[in-house]
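Grab a pencil and work through these exercises with the structure open beside you. Try each task before you read its solution.

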Amino acid sequence: MKLTNSGMCRIYKLYTFLIYVIPMTILFIAKHDAFSSQGKVFGFWGIIVLILCVLMFKEFVASFSKKQPIISVSIVLLVIGLFAEFLASYLALIGIVSGVSGVASSVVSVVADVYNTHSYKMVDGEKVLNKSVAISQKEAWHEAYGYNFASGGE
């Protein structure tokens, strides 16, 4: 069974999510003793959930920040204060792993955006779901980056 562009977009969004979450989970497992004492599990997973929520609702967060800058700064300071109480010594490590994971997942996210673009077509000036078979992964990577990682740039 061949997937549509919409289906491939969902798969690549899942890859994007997993590429971010797996290194963070490995960090949690590696530092389990440090993160599991004195309520630190809440702090670690709280930061992860907060980052994922901000990513999922980035348009709302950006809009809210522009409309209410003082409240936005206050919320950020509150969140930093709450999490810093639990993870002051590990916040830099979590930030580094999160940053590297975010950069790696953004590479795959661009391909998901290519599939999302191909998920719709214009019919009589109206945007409708394209139910045809998805473009190949080779073509999607080529469109995303102008280079095909799978075949050495052909």
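A residue counts as buried when its relative accessible area is under 20%, as exposed when the value is over 50%, and as partly exposed in between. Keep in mind that this is a predicted model.

**Exercise 1. Get an overview of the chain**

Task: Find out how many helices and strands the protein chain has, and in what order the elements come.

Solution:
- Step 1. Count the elements: the protein chain has seven helices and two strands.
- Step 2. Walk along from the N terminus, and you read α-α-α-α-α-α-β-β-α.
- Step 3. Look at burial: the chain has 154 residues, and 27% of them count as buried.
- Step 4. Check the surface: about 10,200 Å² is exposed, with 68% of it supplied by carbon and sulfur atoms.
- Step 5. Now the contacts. Take those in the chain with a separation of 6 or more: residues 24 or more positions apart account for 69% of them.

**Exercise 2. Tyr12 and its ring partner**

Task: Work out what kind of aromatic pair Tyr12 and Trp141 form, and which parts of the chain the pair ties together.

Solution:
- Step 1. Search the whole structure for aromatic pairs, and five turn up.
- Step 2. Pick the pair of Tyr12 and Trp141: the ring centres are 6.4 Å apart, with 65 degrees between the planes.
- Step 3. Pairing needs centres within 6.5 Å, and planes over 60 degrees apart count as edge-to-face. The pair of Tyr12 and Trp141 is therefore edge-to-face.
- Step 4. Place the two residues: Tyr12 lies in helix 1 (residues 5–30) and Trp141 in helix 7 (residues 137–145), so the pair ties together parts that are 129 residues apart in sequence.
- Step 5. Buried or exposed? Tyr12 has a relative accessible area of 3%, so Tyr12 is buried. Trp141 has 17%, so Trp141 is buried too.
- Step 6. Zoom out to the cluster: ring pairs link Tyr12, Tyr15, Tyr115, Trp141 and Tyr145.
- Step 7. List what Tyr12 touches, skipping residues up to four places away in sequence: Val108, Val111, Ala112, Tyr115, Gln137 and Trp141.

**Exercise 3. Helix 6 and its partners**

Task: Which residues do Ser105 and Val107 contact, leaving out those up to four places away in sequence?

Solution:
- Step 1. Start with Ser105, which is found in helix 6 (residues 91–118). Ser105 counts as buried because its relative accessibility is 8%.
- Step 2. The contacts of Ser105 are Thr16, Ile19 and Tyr20.
- Step 3. Compare sequence and space: Ser105 and Tyr12 are 93 residues apart along the chain, while their C-alpha atoms are separated by 9.8 Å.
- Step 4. Go on to Val107, which also lies in helix 6. Val107 counts as partly exposed, at 35% relative accessibility.
- Step 5. Val107 touches Trp141 and Tyr145. From Val107 to Tyr145 there are 38 residues along the chain, and their C-alpha atoms are 9.3 Å apart.
- Step 6. Add one more pair: Ile26 and Val97 are 71 residues apart in sequence, yet 9.9 Å apart in space, C-alpha to C-alpha. Ile26 is in helix 1, and Ile26 counts as exposed at 53% relative accessibility.

**Exercise 4. A nonpolar patch**

Task: Find the residues that make the nonpolar surface patch of about 580 Å².

Solution:
- Step 1. The members are Leu50, Val54, Met56, Phe57, Phe60 and Val61.
- Step 2. Ask which elements give two or more residues: those are helix 3 (40–56) and helix 4 (58–67).
- Step 3. Helix 3 gives the largest share, three residues.
- Step 4. Take Val54 as a sample member. Val54 sits in helix 3, and its relative accessible area of 37% makes Val54 partly exposed.

**Exercise 5. Around the two strands**

Task: Where is Asp124 found, and what sits over the ring of Tyr120?

Solution:
- Step 1. Asp124 is in the loop between strand 1 (120–123) and strand 2 (126–129).
- Step 2. Check the backbone: Asp124 is not a glycine, but has a positive phi of about 55 degrees.
- Step 3. Check the surface: with a relative accessible area of 83%, Asp124 is exposed.
- Step 4. Now the ring: the charged end of Lys127 sits over the ring of Tyr120, 4.9 Å from the ring centre.

How values were computed: Residues are numbered from 1 along each chain as its sequence is written. This is a predicted model: local features need pLDDT of at least 70, side-chain atom pairs count only at pLDDT 80 or more; totals for chains, interfaces and linings use all residues. Side-chain values use heavy atoms; hydrogens and water are left out. Rings of Phe, Tyr and Trp (its six-membered ring) pair if their centres lie within 6.5 Å; planes under 30 degrees apart count as stacked, over 60 as edge-to-face and the rest as tilted. Helices (H or I, at least four residues) and strands (E, at least two) are DSSP runs, numbered from the N terminus. Buried means under 20% relative accessible area, exposed over 50%, partly exposed in between (1.4 Å probe, protein chains only). A charge sits over a ring if NZ of Lys or CZ of Arg is within 6 Å of the ring centre and within 35 degrees of the ring normal. Patches are made of residues with over 30% relative accessible area and no salt bridge: like charges are joined within 9 Å, nonpolar side chains (Val, Leu, Ile, Met, Phe, Trp, Tyr) within 5 Å. Accessible areas come from the Shrake-Rupley method with a 1.4 Å probe; for residues, only the protein chains shown count as cover. A salt bridge is a side-chain nitrogen of Lys or Arg within 4 Å of a carboxyl oxygen of Asp or Glu. Contact means heavy atoms within 4.5 Å.
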